[in-house]
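Open the model in your viewer and keep the sequence panel beside it. We will go from one selection to the next and look at what sits there.

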Amino acid sequence: MADATIKSGPHRLYKFGPAALAALTALALLAGFLLPGGLLLSLTPVTGGRPLVRIWMDPGERFTIRYIHSVEHSPVWETHSVDARGIIHIEEERYLKLGAGMGQMPGVGKLVRRGPYEVIEDMHRPTGDFVLRIGSAGVDHTLIWRDRTINLTALAPHTAVQLSARPINRLQRLRYERLFSTLSKSDGP
């Protein structure tokens, strides 16, 4: 009798093993589709086509656009964040010299000095999706994210791109994590 119990135990597991494994796999995939995975920031030409750049971010995480001001010929850093709904906010502007089209807006942020830089900080002003006209060599629009850089001017000079963000699921995030593991380290302050 003990012999029959031993033989029937593994046999039952064998019957339910594939079904249980399939159910667990289906559950894991479902969770991957349903669980939030952060946000996807895309830079897409306004004329259409595939995005030039896609990066995944966590809600509240920041990215920076660095460029050389066309009139003052000095560096400018614009730091943005993306909230959980995918809305882009400008958080800070940093520059060596105040240039054309720049400066503090009444009631938005506060102007401070950090070393040689003038900084408008604590802005947290929603911009939503916005259009950036990528400049030519010398303007060198660069996207900085997690201490990594993407030279936008090298990718698409004289191109208007729309920056937009949207929530993504956990499986999509895994895909983008692998894609962006090879970006170069930043040389910004």
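**Stop 1: Asp-58 and its partner**

Please select Asp-58, which is partly exposed, with a relative accessible area of 29%. Keep in mind along the way that this is a predicted model. Now add Arg-146: this residue forms a salt bridge with Asp-58, and the closest N and O atoms are 3.5 Å apart. The pair links distant parts of the chain, with Arg-146 in the loop between β10 and β11 (148-151) and Asp-58 in the loop between β2 and β3, 88 residues apart. Arg-146 counts as partly exposed too, at 33% relative accessibility.

**Stop 2: from Arg-146 to two tryptophans**

Stay on Arg-146 and show Trp-56. Arg-146 lies over the face of Trp-56, 3.8 Å from the ring centre. Next, bring in Trp-145. How many aromatic pairs are there in the model? The count comes to 2. In one of them, the ring centres of Trp-56 and Trp-145 are 5.9 Å apart and the planes are at 80°, so the pair is edge-to-face. Trp-56 belongs to strand β2 and Trp-145 to strand β10, 89 residues apart, so to speak a link between distant parts of the chain. Are these two residues, Trp-56 and Trp-145, buried or exposed? Both are buried.

**Stop 3: Trp-77, Tyr-117 and Arg-94**

Select Trp-77 and Tyr-117 for another ring pair. Their centres lie 5.2 Å apart with the planes at 90°, so this pair is edge-to-face. Trp-77 is in strand β4 and Tyr-117 in strand β7 (residues 117-121), so the pair ties together parts that are 40 residues apart in sequence. Both Trp-77 and Tyr-117 are buried. Now display Arg-94, whose charged end sits over the ring of Tyr-117, 5.8 Å from the ring centre.

**Stop 4: more salt bridges**

The model has 10 salt bridges by count. Try Arg-85 and Asp-83, whose side chains meet in a salt bridge at 3.3 Å, N to O. Arg-85 is exposed, with a relative accessible area of 62%, while Asp-83 counts as buried at 17%. Leave that pair and select Glu-92, Arg-94, Lys-110, Arg-114, Glu-121 and Asp-122, which are joined into one network by salt bridges that share partners.

Then go to Arg-62 and Glu-91, where the side chains meet in a salt bridge of 3.6 Å, N to O. Arg-62 lies in strand β3 and Glu-91 in strand β5, so the pair ties together parts that are 29 residues apart in sequence. Arg-62 is partly exposed at 43% relative accessible area, whereas Glu-91 is buried at 7%.

**Stop 5: the nonpolar core**

Select Phe-63, Leu-143 and Leu-163, the residues with the most contacts inside the largest nonpolar core, which has 32 residues. Elements that give two or more residues to this core include β1 (36-45), β3 (62-68), β5 (88-95) and β12 (160-169). Centre the view on Leu-163: beyond its neighbours within four places in sequence, its contacts include Phe-63, Ile-65, Ile-88 and Leu-132.

**Stop 6: Ile-134**

Finish at Ile-134, in the loop between β9 (130-133) and β10 (142-145). Ile-134 is buried, with a relative accessible area of 2%. Leaving aside neighbours within four places in sequence, the contacts of Ile-134 include Leu-52, His-141, Pro-157 and Val-161. For a last distance, pick the C-alpha atoms of Ile-134 and Ala-154: they are separated by 9.6 Å, and the two residues are 20 apart along the chain.

Methods
Residues numbered from 1 in each chain as written. Predicted model: local features only at pLDDT ≥ 70, side-chain atom pairs only at ≥ 80, totals over all residues. Heavy atoms only, no water. Helix = DSSP H or I, 4+ residues; strand = E, 2+ residues; numbered from the N terminus. Buried < 20%, exposed > 50% of the residue type's maximum accessible area, 1.4 Å probe, protein only. Contact = heavy atoms within 4.5 Å. Core = buried A, V, L, I, M, F, W, Y, C linked by side-chain atoms within 4.5 Å. Salt bridge = Lys/Arg side-chain N within 4 Å of Asp/Glu carboxyl O. Phe/Tyr/Trp six-rings, centres within 6.5 Å; stacked < 30°, edge-to-face > 60°. Lys NZ or Arg CZ within 6 Å of the ring centre and 35° of its normal.
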